[in-house]
Amino acid sequence: MALPSASPHRILSCIACALWLALAATPAAAVLRVVASTPDVADITSQIGGERVSVMTIAEGSQDPHKVPVKPSFVTKLNRADALVVQGLNLEHAFVPALLEAARNARILPGAVGYIDASLYVKPLEVPSSQSRVQGELHPLGNPHYNLDPEQGLPMARAIAEGLERVDPAGADAYRAGLARFSQLLERKISEWKTLAAPLRGLKVVSYHRDLPYLASRYGLEIVGTIEVKPGIPATPGHLQELLATMEREKVKVIIREISYDPGLARSLAERTGAQVAEISALAGGLGAPGYIGSLEANLRALLAAAQAGSSG
Amino acid sequence: MNRLPLRGLPRAALCIGVGLVLAGPAVRAVDDTENLQQELRRTREELSATRDALERLSERVEAMEAASVEAPPEPTPVATATARIAPVNADNPAVSVVVDTAFAQDARHSYESIGYPNGADFSLKGAELFISAPIDPFLRGYASLSGSSDEGFDIEEAALITTALPWNLTVKAGRFFADVGRLSHWHDEALPFVDRPPSIDRLIGGESGSEGVEVSWLAPIDPYLELTAGVYDTVGAEYLEDLNDNGFFGRRDFDELTVLARPHTYLDLTDTLNAELGGTWFGQPRDHARNLWAVDLTVRHQPGTSGVYQGLVIGSEWLWNQQLFVQRDPMGVVVGRIRHDRTGGYAYAEAFFSRRYSLGTRFDYSESPDLVNDLARTASAFVTWMPSEFQRLRFQLDTSWGDQRSNQRYTLQWTAFIGSHSHGFAQR
């Protein structure tokens with residue numbers, strides 16, 4: 001039996017039907033396509049925006065935010081994004097400018113409506129008075145690692161909510177409700193953590209990178225040195241000898257290693273001084289805890305565990 | 001006479017006296033206890049007051065600390081802006097200088113045709129001044145001015161790039177490195193080796209220098225796909241130099257211009273493994289004087305670990321060049337024409353360790369575009385150390401063999417970056 005012949009008209013009709021079905025089957029798209037530079041701002045954006053936003057993150061929690069690879073697959077996401085949320089203070093200098101250069105999307109360039117800077121209401125610490133590279137890789141607008149301080153989550157959320165509202169005025173009520181919800185949750189946790197963190201007050205620590213001033217100021221940690229010679233400048237043997245002497249003189253009991261940095265040096269220093277190593281993540285999700293708030297708590301618990309082991313050791 | 005009372009009086013007095021003597025310390029002890037209790041009460045009260053004062057003081061300090069961190073910024077321009085952007089003076093664009101210096105020695109014989117002369121020398125491989133800035137909301141401009149021991153001073157690039165065209169289009173015009181393959185449009189100091197692979201040097205003519213116009217389009221789809229088309233006076237720094245030195249400053253008929261097409265795509269194979277694939281064709285229509293086809297493939301493993309091993313890049317390009325050469329007699333008179341089909345390419349692998357080190361190896365195969373019996377194979381090993389992000393030391397050992405006598409060459413390169421140096425996305 002001969003098969004019925006397929007006329008061009010019939011083929012075109014089938015293709016049109018298939019396309020219509022495919023389009024009809026596609027779930028309703030979120031209102032805003034948002035690209036976030038770090039998991040921290042991504043999580044806050046998701047919590048504030050809820051179903052009105054679809055958020056894609058560039059950096060991963062375990063990565064060094066100063067060395068995130070520039071992948072072309074991020075370019076296509078940025079090309080079609082309605083908004084870009086950055087942590088700001090030049091934290092993303094190694095990857096966002098290069099990606100934006102290739103993304104061809106004027107809506108999300110710095111200064112445009114879709115460029116949402118989470119640092120807008122943060123008061124920066126360690127703003128350099130000079131830009132000389134003798135001081136290492138300085139961030140001209142101040143230390144950008146404010147996300148490690150729980151209290152800074154509140155101004156971050158405010159800036160993000162306002163940014164989303166600017167891009168999508170129709171969702172203003174939803175974003176304000178999302179901001180209130182997130183802020184309430186974070187404030188409750190901050191209150192819990194304040195009590196929990198009491199043993200950290202006055203604790204002398206060494207960190208790998210100079211990324212703890214906000215966290216240290218919040219919990220009363222005393223940073224007596226860093227494994228890096230200067231921000232972004234890897235350790236030298238001479239610097240490590242000096243650091244060892246400082247740790248012994250100051251009786252440092254805890255070394256804080258941000259998980260994106262070499263574990264070997266921190267371990268070696270700990271073995272030689274008897275200090276404990278606390279592993280924290282400079283970006284949300286690096287320790288496996290979900291979300292921004294979960295990551296803050298994971299960091300705090302890692303510090304407390306090391307402090308306790310250090311004091312009993 | 002009743003003597004008893006008289007007899008008992010002294011006794012009673014004695015008893016009272018003894019009693020008083022014995023009772024005296026007890027009375028004093030009662031007083032001391034009361035005094036001590038009062039003092040204890042006073043001390044407790046004072047301590048409590050001090051503790052309260054300390055707590056109040058502590059709360060004030062905490063409140064001041066919190067206020068100093070929480071308070072929104074003062075009503076500076078930041079409060080009304082939507083982002084904190086590093087201050088840039090519109091009259092002073094981003095400026096940087098690269099100093100790229102080297103010492104090289106050929107251990108046996110020269111291999112001149114791939115740029116390895118005999119002997120030892122120190123050289124300034126390049127001192128590059130790079131200037132870049134937005135011109136207005138629609139245009140960006142940059143220039144790269146370079147000088148070196150071998151080639152003197154030259155404007156490597158001076159180009160304008162649109163930033164706000166619709167439909168994902170970008171137009172670039174001026175003098176720039178045409179979008180050929182991968183490494184031919186990288187500046188020398190950005191290469192992963194001390195030299196440009198000989199195959200690219202010979203078949204393209206150094207970096208892909210050109211003067212012309214280039215249009216690129218980014219496909220509005222999820223996978224990365226970019227298409228580039230260009231028209232130029234010629235492609236290849238050496239060809240451009242020859243053209244501009246011949247007195248016509250590149251002026252020629254329309255069909256003598258070089259045209260180019262290049263598709264380029266990228267795939268994330270896994271979270272940590274990705275691949276880039278590109279193809280290039282450029283040619284000169286008149287007499288099919290030159291046709292070059294190239295494919296390039298780069299595979300990267302980027303695990304994002306903090307351990308010793310931090311990643312691997314494997315890259316390769318292969319080029320086929322078909323070119324018409326004019327044969328002249330010693331007096332310069334044209335005596336004939338000859339067409340050569342020549343191929344070449346390279347493959348390299350570079351592994352990254354502990355944020356500061358990398359170790360790599362490269363193999364290059366190159367045929368001369370015009371000479372007969374001038375095949376060169378080069379195997380190289382290189383190690384790179386970066387004391388900081390802004391300076392780099394590299395040692396490379398090359399062994400070359402082929403139609404000339406084999407040669408060993410070693411090079412020590414020291415490169416430093418002054419200012420804000422970045423060639424951007426294209427040289428990632």
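**Cores, domains and the chain contact in a predicted two-chain model**

The largest nonpolar core has 90 residues, and those with the most contacts inside it are Leu78(A), Leu84(A), Val85(A), Leu99(A), Ile160(A) and Val254(A). Here a nonpolar core is a set of buried Ala, Val, Leu, Ile, Met, Phe, Trp, Tyr and Cys residues joined through C-beta atoms within 7 Å. A residue is buried if 20 or more other C-beta atoms lie within 10 Å of its own, exposed if 12 or fewer, and partly exposed in between, with C-beta atoms placed from the backbone. Helix H10 (residues 291-312) of chain A gives the most to this core, with nine residues; helices (H or I, at least four residues) and strands (E, at least two) are DSSP runs, numbered from the N terminus. Both domain 1 (32-193) and domain 2 (196-312) of chain A give residues to the core, so it lies between them. Apart from it lies another core, of 19 residues, among them Leu183(B), Ile204(B), Leu260(B) and Phe282(B).

All of this comes from a predicted model, in which local features need pLDDT of at least 70, side-chain atom pairs count only at pLDDT 80 or more, and totals for chains, interfaces and linings use all residues. Residues are numbered from 1 along each chain as its sequence is written, while chains are lettered from A and ligands numbered from 1 in the order in which they are written.

Back in chain A, Val85(A) makes contacts with Val34(A), Ala36(A), Ser37(A), Val41(A), Thr45(A), Ile116(A), Ala118(A), Ile160(A) and Gly163(A), leaving aside its neighbours within four places in sequence. Two residues are in contact if their C-beta atoms, placed from the backbone, lie within 7 Å.

As for the two domains of chain A, whose bounds come from an automatic or database domain assignment, their C-alpha centres lie 25 Å apart. Between them, 32 residues of domain 1 are in contact with 27 residues of domain 2. On the domain 1 side, helix H2 (39-49) and helix H6 (172-196) of chain A are the elements that give two or more residues, and H6(A) gives the most, with five.

Helix H9 (residues 263-273) of chain A has Ala266(A), Leu269(A) and Ala270(A) buried. Seen down the axis of H9(A), the buried residues fall within an arc of 100 degrees, so they line one face of the helix; the arc is that of the directions from the helix axis to the C-beta atoms. They pack against helix H8 (237-250), strand E7 (254-258) and strand E8 (276-280) of chain A. On the other side of H9(A), Glu271(A) and Arg272(A) are exposed. Gly274(A), with a positive phi near 80 degrees, follows H9(A).

Turning to the pair of chains, 39 residues of chain B are in contact with 46 residues of chain A. Helix H1 (4-70), strand E8 (258-268) and strand E9 (273-284) of chain B each supply at least two residues of the chain B side, and H1(B) brings the largest share, five residues. The predictor gives the complex an ipTM of 0.80 and a pTM of 0.79.

Chain B averages a pLDDT (the predictor's confidence in each residue, from 0 to 100) of 83, and 82% of the residues score at least 70. Within chain B, confidence is lowest in helix H2 (residues 77-80), at a mean of 45, and highest in strand E5 (residues 169-177), at 97. Over residues 20-25 of chain B the pLDDT is below 50, and this stretch has zero contacts beyond near neighbours in sequence. Where pLDDT is low, the predicted coordinates should not be read in detail.
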